[in-house]
Amino acid sequence: MNDAYAIRLAKTELREGYNTGNVDRILSVFSDGLGDLSTGCASFWGTEAKAVLRHRLKRMFALNHATLAVTIISIRIGGDWAFDWGWHSLTLTPRKGGRVKKVRTRYLEIWMKEADGKWRIAIFLDNIDLPPQMPPREVLEMMRPKRRRLKPRLLGRSRK
């Protein structure tokens, strides 16, 4: 199995862990040395990071049914390290009824191939996604290629 496929398979485990409310399945995708830089949360590292993530997931699943949709933009591999980025769309439906909450984040994951040969997320970073927009007009103008002005050619000989 090639490395990109193995990472995509691990992303499937992550998604299915959320969709079934299985905390252990989710955590199996993360390294024990995890660096967690999740949006809206304090950063945690190593065993603390996984313990805090476990706590947050248990609380979230106690209150909600979750559905995670993953859109991978790209996976880049360099030796035993890989980078994966894209979007996570999380839908939380309160177990006791109420308003459904949808959160879409942009993510960057740094993966590490561990001693057992499995790829796991070593560093996780995300932030809230914003709607697409065009750059400001000034930026577009600055980026526009400069046109060279052509000098007019003389057509025929000059008159005397």
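## A walk through the sheet and its helices

Let us start at S31, a residue of strand β1. The model you are looking at is predicted, and S31 makes a good place to enter it. With a relative accessibility of 3%, S31 counts as buried, because that value is under the 20% cut-off. Which residues surround it? Setting aside neighbours within four places in sequence, S31 is in contact with K50, M112, E114, R120, I121 and A122.

Two of those contacts, E114 and R120, lead straight to a charged cluster. E114 and R120 form a salt bridge, with their closest N and O atoms 2.8 Å apart. R120 also has a salt bridge with D116, where the closest N and O atoms are 3.0 Å apart. How do these residues differ in exposure? R120 is counted as buried because its relative accessibility is 15%, while D116, at 48%, counts as partly exposed. Elsewhere, K11, D84 and E109 are joined into one network by salt bridges that share partners. In total, the structure holds 12 salt bridges.

Another of these salt bridges takes us back to strand β1. D36 pairs with R56, and their closest N and O atoms are 3.2 Å apart. This pair ties together distant parts of the chain: D36 sits in strand β1 and R56 in helix α3, 20 residues apart. Is each partner buried or exposed? D36 is buried, with a relative accessible area of 3%, whereas R56 is partly exposed, with 21%. The cut-off for buried is under 20%, so R56, at 21%, falls in the partly exposed class.

Now step back to the sheet as a whole. It is an open sheet of 6 strands, in the order β2-β1-β6-β5-β4-β3, and the pairing is mixed. What happens at the edges? β2 (44-45) and β3 (64-78) stand there with a single partner strand each, so one side of each has no neighbour in the sheet. In general, strands of a sheet pair through backbone hydrogen bonds, in either a parallel or an antiparallel way.

At the β2 edge, β1 (residues 30-37) and β2 run antiparallel and are joined by 2 bridges. Here G35 stands opposite W45 of β2. Helix α1 packs on the sheet, touching β1, β3, β4 (81-94), β5 (101-113) and β6 (119-128), and its direction makes about 170° with that of β3. Helix α3 (residues 46-63) lies across β1, β2, β3 and β4, and runs at about 75° to β1.

At the other edge, β3 and β4 run antiparallel and are joined by 14 bridges. Within this pair, I72 has G86 in β4 as its bridge partner. The two strands form a hairpin with 2 residues between them, and G79 in the turn has a positive phi of about 70°. N64, also in β3, is buried, with a relative accessible area of 13%. Apart from neighbours within four places in sequence, N64 is in contact with L92, T93, P94 and R95.

Moving to strand β6, we find F124. Is F124 buried or exposed? Its relative accessibility is 10%, so F124 counts as buried. Not counting residues up to four places away in sequence, F124 touches F30, L34, G35, D36, L37, S38, H88, Y107, L108 and E109. Several names from earlier in our tour appear in that list, among them G35, D36 and E109. G35 is the residue opposite W45, D36 is the salt-bridge partner of R56, and E109 belongs to the network with K11 and D84. The C-alpha atom of F124 also lies 10.0 Å from that of S43, a residue 81 places away along the chain.

We finish close to the start of the chain, on the surface. M1 belongs to the segment before α1 (3-20). With 71% relative accessibility, M1 counts as exposed, because that value is over the 50% cut-off. Which residues join M1 in a nonpolar surface patch? They are Y5 and L9, and together with M1 they have about 370 Å² of accessible area.

Conventions: Residues are numbered from 1 along each chain as its sequence is written. This is a predicted model: local features need pLDDT of at least 70, side-chain atom pairs count only at pLDDT 80 or more; totals for chains, interfaces and linings use all residues. Side-chain values use heavy atoms; hydrogens and water are left out. Patches are made of residues with over 30% relative accessible area and no salt bridge: like charges are joined within 9 Å, nonpolar side chains (Val, Leu, Ile, Met, Phe, Trp, Tyr) within 5 Å. Accessible areas come from the Shrake-Rupley method with a 1.4 Å probe; for residues, only the protein chains shown count as cover. A salt bridge is a side-chain nitrogen of Lys or Arg within 4 Å of a carboxyl oxygen of Asp or Glu. Helices (H or I, at least four residues) and strands (E, at least two) are DSSP runs, numbered from the N terminus. Buried means under 20% relative accessible area, exposed over 50%, partly exposed in between (1.4 Å probe, protein chains only). Two strands pair if DSSP finds at least two bridges between them. Contact means heavy atoms within 4.5 Å. Axes are lines fitted to C-alpha atoms, for helices over the stretch in contact, and angles run from 0 to 180 degrees between N-to-C directions.
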